Amino acid sequence: MKRKHQFCSERTGAVLGMVLLCGYQAFAANVTGIQRPKPGETVEVLVQYVSQPSEEQFRRVTDRNGRVRDIFQHVPVAHYDVTPEALADLEANPAVVSINPNRTVKATDAYATMSADYNAVANYYNGLGLTMGTGIGIAIVDSGIDSAHPDFNRYLSSTNRVVYSQSFVGGDTNDEYGHGTHVAGIAAGADNVTAAASNVTMSFYGVAIDANLINLKVLNGTGSGTDANVIAGIDTAIALKNTYNIRVINLSLGRTVTTSYLFDPLCQAVEAAWRAGIVVVVAAGNDGRDNSQSTQGYGTINAPGNDPYVITVGASNDLADYERSDDVMTTYSSKGPTSIDHIVKPDLVAPGNRIVSYQAPGSYLATLYPGNQIPIDSYIAGGSSGYSPYYLTLSGTSMATPLVAGVAAMLVDQNPAVTPDQIKARLMQTAWRGFPASMSLTVANSNGTTTTYTARNDIFTIGAGQIDAWAAYNSTNVPFGSAASPAAFLLPNGTVQLLLNPIAGATAIWGTDSSFATTAIWGTNVSGTTAIWGTTAIWGTTAIWGTTAIWGTTAIWGTSTPAGTNAVWGSTAIWGTQMPEAEAEIAVAITGEN
């Protein structure tokens, strides 16, 4: 029997100071990780200003023999090559908030829609004869999109829905890596391949299947880019918002947190998009197995997913069936709280394990891992046993993120006046919270040993819970205020407390009424123990994992300011003692979990 609107997963295949939380300090610029240039040399930097920089600010750099690499129209950041003299002037400039290197970002590598309860939304639209997301733009900031794939056309049409493409890494806008195409298919794929075929046993639809796609290529053919590339992509999405009705940005990418979100230019870019009225959905990262700091994977959320404004998404495992009740968390999904600022993340989780989506033929991932392609006879009865040129299986928070982005687009389709904060609050308030108290997985290592990883049902692993699209669509709550994720901090008595409004100048949605009380959003049960919530939202260490061995260490909390060298992970982080970070990311993307 043909099943529509399903993405199939393949079974075999110390407190941050209140002044810092509430605004910028009127002191010298925050400088993080800069390799200072020698006389006659320059170094590449991203400079964050208090407000949009003027021509005078650019001249201050060029007058000191520096060079302006790029200017962003909607993000208060500039991209420079600076001499020692220009760097010294920037450090003393009261208009400068922070100076950072141009760091590297990477891709964070269909039963899924059943577990996300999206099929009910699709059936509702089909019953009314309505299109799904028509006219809404979803910006895919990634490795490019293979726009020639037939499933990016309108349903049973030759009209392509990739309405704009631009590369920020040179070359064309095609997807040489194969990641962006997969991501775009989950968010908004219309499965024309199987719709036009006979004897179909399985279909591979995305979420907002009639939405338009804006292809902003910021990662190269090996899945890498820089902060400047990503900021340029986000800046372009903001500039094109009205032209293409861009209401959602998907960022299935990230990097290590190296400074407070207040001083991170990548975080400032996503905040600029959020303030422009665009929902920004970001992958949490795939570092939940990282125990290099003896934290059992806690404190590993990637940037810009550490920003309190955005929707940060972890990955669950639907176990390749149609039942949501047996879903578990993946052990690789990155966990909160965020490094340095201790923001409660992720906000939500969504199915992201062994997800079949669209393939960019000849791309790096499809070529290097042909076993992740699926045979044609797995979805067409009597078809060839050869691999399909259209579909590929990948795993990770990268795959969970576009599912949430697609649902966000459908909430905009329902009510175009809805705000990013309202969408975030509704998705969190209606999330499904039926995960078991703990979930363990034993993995074979390359040296013949095994390691057992555990994911627990706590707010730093699952956030508010797993996305429930139908519940969110039917919610009548209309919250007002900021949905910024709260901050958590450790009290002297060993308990943890939530600061529900970690940002200044806005009223927090959380706790405003019973629908958005802390118990309604993050639940009352943590790892099987009743927690003490209410307005103070305090719970003891035993209510989280029954031991102070993890929660009492400075590896999680560090010192009380972003300058603390012991904060997770700080500038001296060592990521992954068992395998290099890039290797670990690929291992997750290709194999997923059983």
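How many bridges join strand 7 to strand 11, and do the two run parallel or antiparallel? In this predicted model, strand 7 (residues 137–142) is joined to strand 11 by 4 bridges, and the two strands run parallel. Within this pairing, Ile-140 stands opposite Asn-250 of strand 11.

**Overall make-up**

The protein has 594 residues, and 61% of them count as buried. Its secondary structure consists of 19 helices and 26 strands. About 19900 Å² of surface is accessible, and carbon and sulfur atoms account for 51% of that area.

**Strand 11 and its partners**

Strand 11 covers residues 246–251. Strand 13 (residues 279–283) also pairs with strand 11, again in the parallel sense and over 4 bridges. Here Ile-249 has Val-280 of strand 13 as its bridge partner. Buried residues are those under 20% relative accessible area. In strand 11, 6 of the 6 residues are buried, so the strand is largely enclosed by the rest of the structure.

The table lists strand pairings with their sense and number of bridges.

| Strand pair | Sense | Bridges |
|---|---|---|
| Strand 7 and strand 11 | parallel | 4 bridges |
| Strand 11 and strand 13 | parallel | 4 bridges |
| Strand 18 and strand 19 | antiparallel | 2 bridges |

**An open antiparallel sheet**

Strands 17, 19 and 18 form an open sheet of 3 strands, in the order 17-19-18, with antiparallel pairing. Strand 17 (355–358) and strand 18 (373–375) are at the edges; each has a single partner strand, so one side of each is left without a neighbour in the sheet. On average, neighbouring strands of this sheet are turned by 50 degrees against each other, with direction ignored.

Strand 19 comprises residues 387–394 and pairs with strand 18 in the antiparallel sense. Leu-392 in strand 19 is the bridge partner of Gln-373. Helix 6 (residues 179–188) lies across strand 17 and strand 19. The helix runs at about 100 degrees to strand 17.

**A nonpolar surface patch**

Which residues make the nonpolar surface patch of about 280 Å²? The patch is made by Tyr-124, Leu-128 and Leu-130. Leu-130 is placed in the loop between helix 5 (119–128) and strand 7, the strand that is joined to strand 11. Is Leu-130 buried, exposed or partly exposed? The relative accessibility of Leu-130 is 43%, so this residue counts as partly exposed. That class lies between the cut-offs of 20% and 50% relative accessible area.

Conventions:
Residues numbered from 1 in each chain as written. Predicted model: local features only at pLDDT ≥ 70, side-chain atom pairs only at ≥ 80, totals over all residues. Heavy atoms only, no water. Buried < 20%, exposed > 50% of the residue type's maximum accessible area, 1.4 Å probe, protein only. Pairing = 2+ DSSP bridges. Patch = residues over 30% accessible without salt bridge, like charges linked within 9 Å, V, L, I, M, F, W, Y side chains within 5 Å. Areas by Shrake-Rupley, 256 points an atom, 1.4 Å probe, with all protein chains shown as cover. Salt bridge = Lys/Arg side-chain N within 4 Å of Asp/Glu carboxyl O. Axes fitted to C-alpha atoms, helices over the stretch in contact; angles between N-to-C directions. Contact = heavy atoms within 4.5 Å.
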